[in-house]
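Work through the exercises below with the structure in view. Try each task before reading its solution.

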Amino acid sequence: MGGTFDPIHHGHLVAASEVQARFDLDEVVFVPTGQPYEKGKVSPAEDRYLMTVIATASNPRFHVSRADIDRDGPTYTIDTLRDMRAIYGGDSKLFFITGADALSRILGWKSAMEMFSLAHFVGVTRPGFELTDEHLPRDSVTLVEVPAMAISSTDCRARATAGKPVWYLVPDGVVQYINKRGLYRG
Ligand SMILES: Nc1ncnc2c1ncn2[C@@H]1O[C@H](COP(=O)(O)OP(=O)(O)OP(=O)(O)O)[C@@H](O)[C@H]1O
Ligand SMILES: O=C(O)c1ccc[n+]([C@@H]2O[C@H](COP(=O)([O-])O)[C@@H](O)[C@H]2O)c1
């Protein structure tokens, strides 16, 4: 599952858990973006990486990859998938989890058609967005309904900046990390 995770929240974690169970996946690898070229200014990659590690540490099937943050230049999923293929080998089956919002824009991503040959995409429901695969190649995507979590990183950041609580929107350790590092204080 790729994401900017600025910060990682329970919407990400619930989606990953549901997809892991649905496909009986050996692992879910969270891949924080290095330079998400479509987003504006984001928190330092090491902070986003560490929050992702903290949030996933208790789940033995969850892992975090530095592949995107250690690669120079803008982050493209085609590179993420090539790296994952190199690490996990040609026999492994790769899935790439995306929320409904990301899936709707996916044909605009770099080398989109090649991405579909490297992984099977899993589109998950997200409150406020329509989930559809009508625009995508047949059999390239499976749509999965996940428990509705009306949480976004944007809202978590805005709440933190305004001094409102983010408890229970993000894991406890992530709240503590945000406070310790003074993230999103504006
Ligand atoms: N609440 C959610 N439910 C399901 N999927 C989600 C949810 N939030 C994010 N995702 C998906 O997780 C992936 C990573 O998302 P990202 O890190 O950009 O979080 P975000 O909440 O969308 O961030 P931002 O508000 O900063 O844009 C994307 O595929 C996104 O669609
Ligand atoms: O490959 C691309 O062109 C591309 C464009 C936008 C987003 N992505 C990927 O989509 C995932 C979610 O991105 P984001 O920006 O919504 O956190 C993350 O893994 C990004 O690298 C990929």
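**Exercise 1. Lay out the three-stranded sheet.**

F30 stands opposite V64 in strand 3. This is a predicted model. Start from that residue pair and find the order and sense of the strands.

Solution.
- Strand 2 covers residues 28-32 and pairs with strand 3 in the parallel sense, over three bridges.
- The order of the open sheet is 1-2-3, with parallel pairing.
- Strand 1 (2-3) and strand 3 (62-64) are the edge strands, since each pairs on one side only.
- Now add a helix: helix 2 (residues 45-56) lies across strand 2 and strand 3. Its direction is at about 160 degrees to strand 2.

**Exercise 2. Describe helix 1.**

How far does helix 1 reach from its first C-alpha to its last, and which of its residues are buried?

Solution.
- Helix 1 spans residues 10-23, which is 14 residues.
- The reach is 20 Å, close to the 20 Å expected at 1.5 Å a residue.
- Buried means 20 or more other C-beta atoms within 10 Å of the residue's own.
- G11, H12, L13, A15, A16 and V19 are the buried residues of helix 1.
- Residues three or four places apart point the same way, because an α-helix has 3.6 residues a turn.
- D24 follows helix 1, with a positive phi near 50 degrees.

**Exercise 3. Map the shell around ligand 1.**

Which element gives the most residues to the shell around ligand 1?

Solution.
- There are 18 residues around ligand 1; G3, G11, G99, S153 and T154 come nearest.
- Helix 1, strand 4 (95-99), helix 4 (100-104) and helix 6 (153-161) each give two or more residues.
- Helix 1 gives the most, with three.
- By class, the shell holds nine polar, six nonpolar and three charged residues.

Notes
Residues are numbered from 1 along each chain as its sequence is written. Chains are lettered from A and ligands numbered from 1 in the order in which they are written. This is a predicted model: local features need pLDDT of at least 70, side-chain atom pairs count only at pLDDT 80 or more; totals for chains, interfaces and linings use all residues. Two strands pair if DSSP finds at least two bridges between them. Helices (H or I, at least four residues) and strands (E, at least two) are DSSP runs, numbered from the N terminus. Two residues are in contact if their C-beta atoms, placed from the backbone, lie within 7 Å. Axes are lines fitted to C-alpha atoms, for helices over the stretch in contact, and angles run from 0 to 180 degrees between N-to-C directions. The expected span of a helix is 1.5 Å times one less than its number of residues. A residue is buried if 20 or more other C-beta atoms lie within 10 Å of its own, exposed if 12 or fewer, and partly exposed in between; C-beta atoms are placed from the backbone. A residue is near a molecule or strand if its C-beta atom, placed from the backbone, lies within 6 Å of it. Ala, Val, Leu, Ile, Met, Phe, Trp, Tyr, Cys and Pro count as nonpolar, Asp, Glu, Lys and Arg as charged, and the others, Gly among them, as polar.
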